[in-house]
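Reader: Hey, I'm new to looking at structures. Could you walk me through this one?

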Amino acid sequence: MPTSMPKPSPKPSSRTSRRKPLIYGAGVVVAAALFGYVSYRATAPDSPGARSSSSAVAGVTADPDEGVYAELAKLARRDAGDKLAMGRADAPVVLIEYADFKCGYCGKFARDTEPALVKKYVDNGTLRIEWRNFPIFGAESEAAARASWAAGQQGRFWEFHRAAYADGAKEKGFGKDRLKALARQAGVPDLGRFVRDTDGSAAAAAVSKDQEQGYGIGATSTPSFLINGRPIAGAQPAETFTRAIEQAADRAENLGSAGQEDAKKSTGPESTTSPEESSPAENSRAENSPEASSPEVGSAAPEGSAR
């Protein structure tokens, strides 16, 4: 749990209340109910005994499989062209964050926790972070979400993200002039295009898509996270994220190793014939193959999106 609690999320607007949860698979019904409960416990006001019980719900257990939902893991887009993501598209662990730029605890995570996760896990290829705009605090939240998407279209999402979550930034509001100032601070090259994109239908559709996904999985507060299908709600201590990421990485490695073993079994025992024991015809084919006559070419690193 955070050392101080975020405010409970406001009640959904009439437009929000008509939305129906999205069903990604049978298990998501259960997962959504759990995520909603975790979100509530993570943002509920303190009461006697609440802190210990909340920590048990929102924390990460020693069992790497407990609280992990395969259907939720599939929500990772892994699109190398995603301008609102950082890290390799094929990273073994994907952290999806549902957040609001007017959320103080989202800012706390952005300033205090995320940079260390980037340095430790994104930079070495273990982790990918995918952002989902989840505006729940009214018109300015919606405007800031659309503006962040617009900044991303010019390759400056994370710079905008950093400027919007700087200490004291949200207290200045997210009116049109303020959003344009943040874009300028973020180094967005074409401010005219930024303004048009912010007000355009594509931005509104992209934000709505992210928002619907968040509601569909039962997120009721910000920030909310999925780490390879494990829901985590609230600005939890850094250790919670570190443990979840490392467990997810270990789990992904073990699953990969199991797949390799299965592949070996399906192909049968490896041949014990040495190159010297090969027939002359086989040696001739090998010597004249394109691979034998061309220099060795290293494989290209997987493409990832820019931070």
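Author: Sure, starting with one glycine. Gly 200 has a relative accessible area of 23%, so it is partly exposed. Buried means under 20% relative accessible area, exposed means over 50%, and partly exposed is in between, using a 1.4 Å probe and protein chains only. This is a predicted model, so local features need pLDDT of at least 70 and side-chain atom pairs count only at pLDDT 80 or more, while totals for chains, interfaces and linings use all residues. Residues are numbered from 1 along each chain as its sequence is written, and side-chain values use heavy atoms, with hydrogens and water left out.

Reader: OK, and where does Gly 200 lie?

Author: Gly 200 is in the loop between H9 and helix H10 (201-216). Helices (H or I, at least four residues) and strands (E, at least two) are DSSP runs, numbered from the N terminus. The C-alpha atom of Gly 200 is 8.7 Å from that of Arg 146, and the two residues are 54 residues apart along the chain.

Reader: How many helices and strands are there in the chain?

Author: The chain has 13 helices and six strands. It has 307 residues, and 44% of them count as buried.

Reader: Cool. I can see lots of rings in there. How many aromatic pairs does the structure hold?

Author: There are 12 aromatic pairs. Rings of Phe, Tyr and Trp (its six-membered ring) pair if their centres lie within 6.5 Å; planes under 30 degrees apart are stacked, over 60 edge-to-face, and the rest tilted. One of the pairs is Phe 101 with Phe 160, which is edge-to-face, at 6.0 Å centre to centre with 90 degrees between the planes.

Reader: Which parts of the chain does that pair link?

Author: Distant ones: Phe 101 is in the loop between strand S2 (93-99) and helix H5 (104-122), and Phe 160 is in helix H7 (residues 157-164), 59 residues apart.

Reader: Is Phe 160 buried or exposed?

Author: Phe 160 has 0% relative accessibility, so it counts as buried. Phe 101 counts as buried too, because its relative accessibility is 1%.

Reader: And what about Phe 160 and Phe 194, why is that pair tilted?

Author: Their ring planes are at 40 degrees, so the pair is tilted, and the centres are 6.4 Å apart. Phe 194 lies in helix H9 (residues 191-199) and Phe 160 in helix H7, so this pair ties together parts that are 34 residues apart in sequence. Ring pairs also join up into a cluster made of Phe 101, Trp 131, Phe 157, Trp 158, Phe 160, Tyr 165 and Phe 194.

Reader: Phe 160 keeps coming up! What else does Phe 160 touch?

Author: Leaving out residues up to four places away in sequence, Phe 160 touches several residues, among them Ala 144, Ser 148, Leu 179 and Ala 186. A contact here means heavy atoms within 4.5 Å. Phe 160 is also among the residues with the most contacts inside the largest nonpolar core, along with Leu 127 and Ile 227.

Reader: Which residues can join a nonpolar core?

Author: Buried Ala, Val, Leu, Ile, Met, Phe, Trp, Tyr and Cys residues, joined through side-chain atoms within 4.5 Å. The largest core has 49 residues, and H5 gives the most to this core, with eight residues. Another core, of 12 residues, lies apart from it and includes Ile 96, Phe 134, Ala 219 and Leu 226.

Reader: Where does Leu 226 lie?

Author: Leu 226 is in strand S4, and its relative accessible area is 1%, so it is buried. The C-alpha atoms of Leu 226 and Leu 75 are separated by 9.0 Å, with their positions 151 residues apart along the chain, counted as how far apart they are.

Reader: Changing topic, what's odd about the backbone?

Author: Thr 222 and Pro 223 are joined by a cis peptide bond, with omega about -5 degrees. Pro 223 sits in the loop between H10 and strand S4 (224-227). Asn 228 is not a glycine but has a positive phi of about 50 degrees, and it is found in the loop between S4 and strand S5 (230-233). Arg 78 also has a positive phi of about 50 degrees although it is not a glycine. The place of Arg 78 is the loop between helix H4 (70-73) and strand S1 (85-88).

Reader: Thanks, that's plenty for today!
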